[in-house]
Amino acid sequence: MSPARQYWLVKSEPDAFSWDQQVANGIEPWTGVRNHMAKANLKAMRKGDLAFFYHSNIGKEIVGVVEVAKEAYPDPSVEPGTKGDWVCVDMQAVGPMPKPVTLAEIKAEPDFSEFALVRMSRLSVMPVSAEHWKKLAKMGGWKGK
């Protein structure tokens, strides 16, 4: 029996890499993570896990859903001589969030007071509990996988 699907949230600044670029590229390596906690989260991802695609900095909202297409492997964007065993995963667009869910909406819900996006705002890759996934999906009108 395969382990239960896990849920995540991945953040990208839309002026660096946007949801539209993810959709256009199909499958894209999620590179450039240089935080040890975020790296551990990438390593914990399994093929078939789902993640909310969050536009950080500009917009500050969940705009889509991606699926892990390939599990962690060495990040090809690492500069030679950089310390750390940095990894990436391949993500595939599943679909847009029918109604983007803003950070302000998330913060307004008491159920999200312990959510990593609220507590550790700088973390770029974070787990999402099944309960939080269902609630965020409902807030955004997501009816997919």
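1. A pocket here is an open set of grid points where a 1.4 Å probe fits, with protein on both sides within 12 Å along at least five of seven lines. Please keep in mind while reading that this is a predicted model. With that in hand, the largest pocket holds about 570 Å³ of space. Its lining is made up of 21 residues, and K11, S12, E13, S56 and S124 are the ones nearest its centre.

2. Which elements give two or more residues to the lining of the largest pocket? They are strand 1 (7-12), strand 2 (27-30) and helix 3 (103-108). Strand 2 provides the largest share, 3 residues. By residue type, the lining divides into 8 nonpolar, 7 polar and 6 charged residues.

3. S56 deserves a look of its own, as one of the residues nearest the centre of the largest pocket. Its place is the loop between strand 3 and strand 4 (61-74). Is S56 buried or exposed? Its relative accessible area is 12%, under the 20% cut-off, so S56 counts as buried. Beyond its neighbours within four places in sequence, S56 is in contact with K11, S12, E13 and P14. Among these partners, K11, S12 and E13 are also listed with S56 as nearest the centre of the pocket.

4. Now to the interior. The largest nonpolar core contains 40 residues, and those with the most contacts inside it are L9, W30, M45, I62, M91 and L136. L9 makes a good starting point for browsing: with residues up to four places away in sequence set aside, it touches A51, F52, Y54, I62, F115, L117, S124, V125, M126 and V128. One of these partners, I62, is likewise among the core residues with the most contacts, and another, S124, is among those nearest the centre of the largest pocket.

5. W8 sits in strand 1. Its relative accessible area is 3%, so W8 is buried. Which residues does W8 contact, leaving aside neighbours within four places in sequence? They are N41, A44, M45, D49, L50, A51, F52, M126, P127, V128 and W133. W8 and F53 are 45 residues apart in sequence, while their C-alpha atoms are 8.9 Å apart in space.

6. The aromatic residues are worth a moment too. Across the whole structure, a search finds 7 aromatic pairs. F17 and F53 form a tilted one, with 6.3 Å from centre to centre and 45° between the planes. This pair links distant parts of the chain: F17 belongs to the loop between strand 1 and helix 1 (19-25), F53 to strand 3 (residues 50-55), and 36 residues separate them. Both F17 and F53 are buried.

7. F53 has a further aromatic partner in W19, and this pair is edge-to-face, at 5.4 Å centre to centre with 70° between the planes. Why does the pair tie together separate parts of the sequence? W19 lies in helix 1 and F53 in strand 3, so the pair joins parts that are 34 residues apart in sequence. W19 is buried at 7% relative accessible area, and F53 is buried at 0%. Together, F17, W19, W30 and F53 form one aromatic cluster. W30 in this cluster is also among the residues with the most contacts in the largest nonpolar core.

8. S18 is a useful companion to the cluster. It lies in the loop between strand 1 and helix 1 and is buried, with a relative accessible area of 12%. Setting aside residues up to four places away in sequence, S18 touches F53 and H55.

9. I27 lies in strand 2. At 44% relative accessibility, it falls between the 20% and 50% cut-offs, so I27 counts as partly exposed. Apart from neighbours within four places in sequence, I27 is in contact with A69, D90, M91 and Q92. The C-alpha atoms of I27 and A93 are 7.0 Å apart, with the two positions 66 residues apart in sequence terms.

10. Finally, G84 is found in the loop between strand 4 and strand 5 (87-102). At 45% relative accessibility, G84 counts as partly exposed. How far apart in space are G84 and A51? They are 24 Å apart, C-alpha to C-alpha, and 33 residues apart in sequence. A51 is also one of the residues that L9 touches, and W8 is in contact with A51 as well.

Notes
Residues are numbered from 1 along each chain as its sequence is written. This is a predicted model: local features need pLDDT of at least 70, side-chain atom pairs count only at pLDDT 80 or more; totals for chains, interfaces and linings use all residues. Side-chain values use heavy atoms; hydrogens and water are left out. On a 1 Å grid over the protein atoms alone, a cavity is a set of points where a 1.4 Å probe fits but cannot get out, and a pocket is an open set with protein on both sides within 12 Å along at least five of seven lines; lining residues have an atom within 4 Å of a point. Grid points are joined across faces, edges and corners, and a volume is the space filled by probe spheres set on the points. Helices (H or I, at least four residues) and strands (E, at least two) are DSSP runs, numbered from the N terminus. Ala, Val, Leu, Ile, Met, Phe, Trp, Tyr, Cys and Pro count as nonpolar, Asp, Glu, Lys and Arg as charged, and the others, Gly among them, as polar. A nonpolar core is a set of buried Ala, Val, Leu, Ile, Met, Phe, Trp, Tyr and Cys residues joined through side-chain atoms within 4.5 Å. Buried means under 20% relative accessible area, exposed over 50%, partly exposed in between (1.4 Å probe, protein chains only). Contact means heavy atoms within 4.5 Å. Rings of Phe, Tyr and Trp (its six-membered ring) pair if their centres lie within 6.5 Å; planes under 30 degrees apart count as stacked, over 60 as edge-to-face and the rest as tilted.
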